[in-house]
Structures are given as structure tokens and as C-alpha cells.
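Q: I'm new to this one and would like a close look at a single part of it. Could you take me through the place where the ligand sits, and then what lies around that place?

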Amino acid sequence: MNHVEPLNSHHKHLAFTSGNDVLDRYLHEIAYQAKRKSLAAIFVAVGEDDPATILGYYTLSSHMIEGLDIPDVLRKTRKFPSHRVGATLLGRLAVAVHMRHKGIGELLLIDALKQAHEVSRAVASTCVVVDAIDEAVVPYYQRFGFVRVAPDSRRLVLMMDTIAQLFSHGVEAQTQESI
Ligand SMILES: CC(C)(COP(=O)(O)OP(=O)(O)OC[C@H]1O[C@@H](n2cnc3c(N)ncnc32)[C@H](O)[C@@H]1OP(=O)(O)O)[C@@H](O)C(=O)NCCC(=O)NCCS
């Protein structure tokens, strides 16, 4: 069974290839520094049989978003202020190219939402924010309930109260059964 854990020095980060140079370079050259400097928390998916090989990774950081950037339909029903509010940035998400379409991205994304939700109980955060790397990947996030902040934007948000509902409906259990 695959699982997600924090990046550590036992992981073979230089061997990771997602097919996207920017996302690969981040893991090869920046991730450990970013972790040391507390710029991002980095989590990796690994398999039981080969726990040093990274199957995919994601990063989370604290972030600020203009209240007005939250889509009206989400902001007004919650009576959110228009000024800047706290959020959680899903800064990077990538799966090893040979492991695509096997549910690793879903495993990582659900884990990221779970982490973001748990942390938000201690340090409040209104939503998880992601900047889709290209237009093609936008539907991937929309499948999980992310909403574009504007019709022409690749920035998407998923409200923290929606994430809380996902977990109260057992999304985690369903996902783990399917992997
Ligand atoms: C996007 C990504 C993380 C998805 O991970 P994955 O493990 O392959 O995806 P899952 O197995 O969880 O889900 C697969 C389904 O998601 C959708 N999907 C996967 N990759 C997609 C993409 N790039 N664009 C749109 N839909 C995608 C498809 O519907 C796919 O179903 P299929 O397997 O029947 O074709 C992975 O393709 C990746 O690392 N891509 C390169 C880097 C990237 O674009 N990262 C996002 C940064 S914002």
C-alpha cells in the first residue's frame, strides 16, 4: 500500500521525474532548503516495498488571499470580509511520470486537504489555494471541488468548511480503499 509521509533525507529526491522540469527542479534543488527555512512543508508518496523512491510529492505553505479574490458565490454566503484573509497554499503537486493514472495524485491531494484541515483547527485558514500549472490540469482540481477565482484564472480555491464536510462524509476511507 502506498502512503504519504514528510520528505526526509532517506528519500531519493534526485531520482524523481514527473515530466515537468519546474516541479522536478523544485524537488531536486529547492525542497530541502525550503523545508529547512520553513518556507514549505513537503510530503511525499512512497510504496511499502521501496520506501526511498518518491512516487509523488506536494507542498503546503501558509498564504494570504484577498477576500475579494474568493468567488462571490462562496464569499457572500459565508459573509467573508473583502480584506486579506489567511489561506493554505498547495504550492506544488506532482506524480512520477511512470506512476501516473494510478491514484497517486488523488492520494496526495486528499492527504494535502486533510493536513490543511487539521492544521486549520489550530491556525485558522479560510481555504486551500492552488495555482494550476496549465489549463489542462484545471479539471483535475475541479473534480475535487476546487473553484476558479475568476473565469479566466488558473487560481482555484477549495473552502475549508467544504473540506471539513468532505472528511465528515468519509472521503478518506473511500480513497484509501480504491488505491
Ligand atoms: C496532475 C497529476 C498530479 C495527476 O496525478 P495522477 O496520479 O496521474 O492522477 P490520478 O491517478 O489521481 O487521477 C487520474 C485521473 O485524473 C485526470 N488527470 C490526470 N492528470 C491530468 C491532467 N494533467 N490534466 C487533466 N486531468 C488529469 C484524468 O481524468 C485521470 O483519469 P484516467 O487515469 O482515467 O485518465 C499528474 O498527472 C502530474 O504530476 N502531472 C504533471 C505535473 C502537474 O501538472 N502537476 C499539477 C501542478 S498544478
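How many residues surround the ligand, and which are the closest?

A: Bear in mind that this is a predicted model. In it, 20 residues surround the ligand, and Val95, Arg100, His101, Gly105 and Glu106 are the closest. Sort that shell by class and you get 11 nonpolar, six polar and three charged residues. Three elements each supply at least two residues of the shell: strand E4 (84-95), H3 and helix H4 (138-142). Let's follow two of them outwards, E4 and then H3.

E4 belongs to an open sheet of seven strands, ordered E1-E2-E3-E4-E5-E7-E6, and the pairing in this sheet is mixed. Strand E1 (2-6) and strand E6 (147-148) are at the edges with a single partner strand each, so one side of each has no neighbour in the sheet. As a bit of background, strands in a sheet pair through backbone hydrogen bonds, in either a parallel or an antiparallel way.

Start with E4 itself: E3 and E4 run antiparallel, joined by 11 bridges. If you want a spot to find on screen, look for Met64, which stands opposite Gly86 in E4. One step along, strand E3 (residues 56-66) pairs with E2, again in the antiparallel sense, over five bridges. Here Ala41 has Leu60 in E3 as its bridge partner. Then E2 (residues 41-47) pairs with E1, antiparallel too, over five bridges. Asn2 stands opposite Gly47 in E2 there.

Now back to the ligand and out along H3. Helix H3 (residues 104-120) has a helix partner, H5 (residues 160-168): their axes come within 10 Å and cross at roughly 115°. Angles of 65 to 115 degrees count as roughly perpendicular, and H3 and H5 are therefore roughly perpendicular to each other. Their crossing is left-handed. On the H3 side, the residues that meet H5 are Leu113, Lys114, Ala116, His117 and Ser120, and on the H5 side they are Met160, Ile163, Ala164, Leu166 and Phe167. By class, this contact has seven nonpolar, two polar and one charged residues.

H5 also takes us back to the sheet. It lies across strand E5 (127-131) and strand E7 (155-159), and runs at about 60° to E7. In the strand order, E5 comes right after E4, and E4 is one of the elements that supply residues to the shell around the ligand.

Definitions and conventions
Residues numbered from 1 in each chain as written. Predicted model: local features only at pLDDT ≥ 70, side-chain atom pairs only at ≥ 80, totals over all residues. Axes fitted to C-alpha atoms, helices over the stretch in contact; angles between N-to-C directions. Helix = DSSP H or I, 4+ residues; strand = E, 2+ residues; numbered from the N terminus. Parallel < 35°, antiparallel > 145°, perpendicular 65-115°, else oblique. Left-handed = near helix turned anticlockwise from the far one by under 90°. Contact = placed C-beta atoms within 7 Å. Nonpolar A, V, L, I, M, F, W, Y, C, P; charged D, E, K, R; others polar. Pairing = 2+ DSSP bridges. Near = placed C-beta within 6 Å.
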